[in-house]
Amino acid sequence: MKKILFAASEGNPFIKTGGLADVVGALPKYLDKKKFDVRVILPKYLCIPDELRQEMSYVTEFYADMPRGKEYVGIYEAKAGGVQYYFIDNEYYFAGDRPYNKIYEDVDKFAFFSRAALASLPELGFCPDVIHCHDWQTALIPVFLDAFYREDEFLQGVKTVLTIHNLKFQGRWIIDDIVNCRDLPEKYRYGAMEAYHETNFLKAGIVYADRVTAVSETYAREIQGQQGGEGLDGVMREASYKLSGIVNGIDQEDYDPAADKYLAEHYDAKSIAKKKKNKAALQERMGLRVDDSCMLIGMVSRMTEQKGFDLINQVMEEMMNTMNVQFVALGTGENRYQDSFRYFDWKYPDRMSATIGYGEEMAHWIYGGADAFLMPSQFEPCGLSQLISMRYGTVPIVRETGGLVDTVEAYNEIWHTGTGFSFANYDAREMLKIIRYAYSVFSGQPREWKAMMKRCMEQDHSWKSSAKKYERLYQDMA
Ligand code: ADP
Ligand code: GLC
């Protein structure tokens, strides 16, 4: 039995800001329990909802040696989806109304978390064969292991995997200001941790992890090039011997149109016609005109540059004025995008609905009720929203980047194949053209559209095959 520890800054159902939480919450469930003892460690944020905090039980506490002196580390535990979770408690670091805040606080917070997670393992009597780290927040674990645990009786020899969910976020700051890194020898602080005169958690993790993965094959390639490399393409190329791409899956139980507790009407690939009831319910709930003839385009997304909102802003008016479409958007993020969507919502009251906020229930209404799902990302490491929408027979319209390339097959009207619509360049006119094309199929060839919905729903984007790839990776390394 191999022991695996996931160390991450978010995980479903406890705390989520994006797809990372979906992956951390789902992948451990799908690893073969006969071969792997998988546990997850997360911070015990104060902003975890009360009902979930109440499910946690106290395990132990101790004082760990940290640069500030002896610091309190409480350990709590809970079970979710049959998986053992641990939570690191320390309200000095994990208070606040959200997991991430100012970067200069976050770097210190997650350096603490990474150290506290390692220090907890002997207390728990759990020595993993592999620690699976995710993104910059836990990327220093391989560094701390190398610096402080090489000769350690309990933890020596532990291997590490670092998964890159988004190379744009690297955990960069002024090294001498990060208290929880102060006692690292200079070799690290001014060696592997340094990039462009700053410390860079992700870069250090890439250098010290035994294996590095990216969340799709295309993204694993893109990040080795100058365009997708976010300044670290050289580092990525040097690490290419230990880098691979493994595409994400989705939790088929959490996202199941045949059993989704939030939907007005359940349906599956054989009863696609029933999806219409969800469209009507969505239109009604969002104050849109209840009209089956228009193409209802959905979006559930962080409102950031990455997600392509600049393109949408450029052509929204034209789209509204030249096609019979409606729009339902749910998201939070940068003010400039929130504001423009509020404006569109005000200008087109019965055709456009923008909800600025975060809501699981409304997200499901959109996945279940929309005809098409728009995701014109500037870059997209994997993307889960397009997988979720396909599962609900909601046809994705995407830009050909990262995981969107690997998961959405463009519609081919000659061969009657494909599971969505896609465009190549990051260009608003190109996007508009493909939306028009989608609209022409939707309104002019309903049978073709319906066949595409069916193909979407019949795709297998469960974790089954990707979990096997992670299993093989763990087996190979330990
Ligand atoms: P990213 O992780 O880059 O934000 P993904 O497509 O991988 O993008 O995953 C996003 C996840 O977060 C999906 O499960 C999506 O439904 C969810 N999500 C994003 N924004 C919201 C929101 N405002 N409300 C509810 N769920 C959201
Ligand atoms: C990141 C990426 C997204 C990916 C998710 C889960 O947030 O932006 O593309 O799906 O991580 O891996």
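## The shell around ligand 1

In this predicted model, the residues of the shell around ligand 1 fall into three classes: nine are nonpolar, nine are polar and five are charged. The shell has 23 residues, and those that come nearest to ligand 1 are G19, R302, K307, Y367 and L384.

Several elements of secondary structure contribute to this shell. At least two residues each are supplied by helix 1 (19-30), strand 13 (295-303), strand 14 (325-333), helix 13 (360-369) and helix 14 (385-391). Strand 13 provides the largest share, three residues.

## Polar atoms beside ligand 1

Three side chains each place a polar atom beside an oxygen atom of ligand 1. For Y367 the distance is 2.6 Å, for R302 it is 2.7 Å, and for D22 it is 2.8 Å. Ligand 1 would expose 560 Å² if taken alone, and the protein buries 93% of that area.

R302 and Y367 therefore appear twice in this description: both belong to the residues that come nearest to ligand 1, and each has a polar side-chain atom beside one of the ligand's oxygen atoms.

## The shell around ligand 2

Around ligand 2 there are 14 residues, of which H165, N248, E380, C382 and G383 come nearest. By class, this shell consists of six nonpolar, six polar and two charged residues. Helix 1 gives the most to the shell around ligand 2, namely three residues. Helix 1 is also among the elements that supply at least two residues to the shell around ligand 1.

Both side-chain and backbone atoms of the protein approach ligand 2. A polar side-chain atom of E380 lies 2.5 Å from an oxygen atom of ligand 2. From the backbone, a polar atom of G383 is 2.7 Å from an oxygen atom of ligand 2, while a polar backbone atom of P381 is 3.5 Å from an oxygen atom of this ligand. On its own, ligand 2 has 310 Å² of accessible area, and the protein covers 93% of it.

## Position between the domains

Where does ligand 1 lie with respect to domain 1 and domain 2? Domain 1 (2-249 + 463-477) and domain 2 (269-458) both give residues to the shell around ligand 1, so ligand 1 lies between them.

The reasoning for ligand 2 rests on its own shell. Residues of that shell come from both domain 1 and domain 2, and therefore ligand 2 lies between these domains.

## The protein as a whole

The protein contains 18 helices and 18 strands. Along the principal axes, its C-alpha atoms fill a box of roughly 70 × 45 × 40 Å. Of the 478 residues, 59% are buried.

How does the radius of gyration of the protein compare with that of a compact globule? For 478 residues, a compact globule would have a radius of gyration near 23 Å; the protein has 23 Å, which agrees with that value.

## A buried polar residue: Q84

Q84 is found in strand 5, which spans residues 83-89. Is Q84 buried or exposed? Its relative accessible area is 13%. A residue counts as buried when this value is under 20%, and Q84 is therefore buried. The side chain of Q84 makes a polar contact with the side chain of E77, at a distance of 2.7 Å.

Note on methods. Residues numbered from 1 in each chain as written. Chains lettered and ligands numbered in written order. Predicted model: local features only at pLDDT ≥ 70, side-chain atom pairs only at ≥ 80, totals over all residues. Heavy atoms only, no water. Near = heavy atom within 4 Å. Polar contact = N/O pair within 3.5 Å; in protein donor to acceptor, adjacent residues only side chain to side chain. Areas by Shrake-Rupley, 256 points an atom, 1.4 Å probe, with all protein chains shown as cover. Helix = DSSP H or I, 4+ residues; strand = E, 2+ residues; numbered from the N terminus. Nonpolar A, V, L, I, M, F, W, Y, C, P; charged D, E, K, R; others polar. Domains from an automatic or database assignment. Rg over C-alpha atoms; globule rule 2.2 N^0.38 Å. Buried < 20%, exposed > 50% of the residue type's maximum accessible area, 1.4 Å probe, protein only.
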